[in-house]
Amino acid sequence: MSAIAPYSLRSRLVSRLIAAHAAVLAANIPYFLWRGYVKHDAEGNLGTMGAWLLHELVTDVLPLVVPLFIATTLITTLTVRRSLAQIDAATRKAAAFDPSHLGVRLPSTATPKELHPLVDAINAGLDRLER
């Protein structure tokens, strides 16, 4: 019986990287608000604080933060998907193992270097079975 992880590595990586980028963008919002406050204060047209805050969010903050968040989400998703494609290819090759073709091995050159010990261990196990 094999234990299956309750999460996907792909979704975990994507969600954590997107959360990190969102935190960075959110941390910069006070700077943009301060910059707008100083600019409007110098011009003498602050008006009410609520109107100024809404104006700053709509004109300065959201037009910058939303496209950056969308771009980061797309780039992160594509990067993780492309990085894990090599693991998917090795998985398909391993799924094709057959008792009638014991000479088939996983190529360690087509996998990330972090997986080379795992691929080498699988290939060594297959070598022992073949003998």
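A salt bridge here is a side-chain nitrogen of Lys or Arg within 4 Å of a carboxyl oxygen of Asp or Glu. Keep that in mind. Searching the whole structure with that criterion turns up one salt bridge. I'll come back to that pair. First, the overall picture.

This is a predicted model. Mean pLDDT for the protein is 79, and 83% of the residues reach 70 or more. Confidence varies by element. Helix 3 has the highest mean pLDDT, at 86, and helix 1 has the lowest, at 77. A general caution applies: where pLDDT is low, the predicted coordinates should not be read in detail.

Now the architecture. There are three helices and zero strands. From the N terminus on, the order is α-α-α. Helix 1 covers 9-43 and helix 2 covers 49-95. Helix 3 covers 116-130.

Some whole-protein numbers. The protein has 131 residues, and 19% of them are buried. Accessible surface comes to about 9500 Å². Carbon and sulfur atoms account for 67% of that surface. On contacts, take the pairs at least 6 apart in sequence. Of those, 52% join residues at least 24 apart.

Next, the core. Which residues make up the largest nonpolar core? There are six: Leu25, Phe32, Leu33, Trp52, Val61 and Val65. Helix 1 and helix 2 each supply at least two of them. As background, nonpolar side chains in soluble globular proteins tend to be buried together.

Two members of that core deserve a closer look. Take leucine 33. Leaving out neighbors up to four places away in sequence, leucine 33 touches Trp52, Leu53, Glu56, Leu57 and Val61. Trp52 and Val61 are also on the core list.

Then valine 65, which sits in helix 2. Valine 65 has 14% relative accessibility, so it counts as buried. With the same sequence neighbors left out, valine 65 touches Leu25 and Ile29. The C-alpha atoms of valine 65 and leucine 25 are 6.4 Å apart, while the two residues are 40 apart along the chain.

Further along helix 2 we reach threonine 76. Is threonine 76 buried or exposed? Buried, because its relative accessible area is 7% and the cut-off is under 20%. Beyond residues up to four places away, threonine 76 touches Val14, Leu17, Ile18 and His21.

Now the outside. There is a nonpolar patch on the surface. Its members are Leu54, Val58, Leu62, Val66, Phe69, Ile70 and Leu74. Together they expose about 630 Å² of accessible area. Valine 58, one of the patch residues, lies in helix 2.

Two more positions, for the later part of the chain. Aspartate 88 is in helix 2. Its relative accessibility is 33%, so aspartate 88 counts as partly exposed. Aspartate 88 and threonine 111 are 23 residues apart along the chain, and their C-alpha atoms are separated by 9.5 Å.

Proline 99 belongs to the loop between helix 2 and helix 3. At 70% relative accessibility, proline 99 is exposed. From proline 99 to leucine 129 is 30 residues in sequence, but 9.7 Å C-alpha to C-alpha.

Back to the salt bridge. Which residues form it? Arginine 105 and aspartate 127, with their closest N and O atoms 2.7 Å apart. Why does the pair tie together parts that are 22 residues apart in sequence? Because arginine 105 lies in the loop between helix 2 and helix 3, whereas aspartate 127 lies in helix 3. How covered is the acidic partner? Aspartate 127 has 33% relative accessibility, so it counts as partly exposed.

To recap. The fold is three helices and zero strands. Helix 1 and helix 2 both feed the largest nonpolar core. Arginine 105 and aspartate 127 make the salt bridge. That's the tour.

Definitions and conventions
Residues are numbered from 1 along each chain as its sequence is written. This is a predicted model: local features need pLDDT of at least 70, side-chain atom pairs count only at pLDDT 80 or more; totals for chains, interfaces and linings use all residues. Side-chain values use heavy atoms; hydrogens and water are left out. A nonpolar core is a set of buried Ala, Val, Leu, Ile, Met, Phe, Trp, Tyr and Cys residues joined through side-chain atoms within 4.5 Å. Buried means under 20% relative accessible area, exposed over 50%, partly exposed in between (1.4 Å probe, protein chains only). Helices (H or I, at least four residues) and strands (E, at least two) are DSSP runs, numbered from the N terminus. Contact means heavy atoms within 4.5 Å. Patches are made of residues with over 30% relative accessible area and no salt bridge: like charges are joined within 9 Å, nonpolar side chains (Val, Leu, Ile, Met, Phe, Trp, Tyr) within 5 Å. Accessible areas come from the Shrake-Rupley method with a 1.4 Å probe; for residues, only the protein chains shown count as cover. pLDDT is the predictor's confidence in each residue, from 0 to 100.
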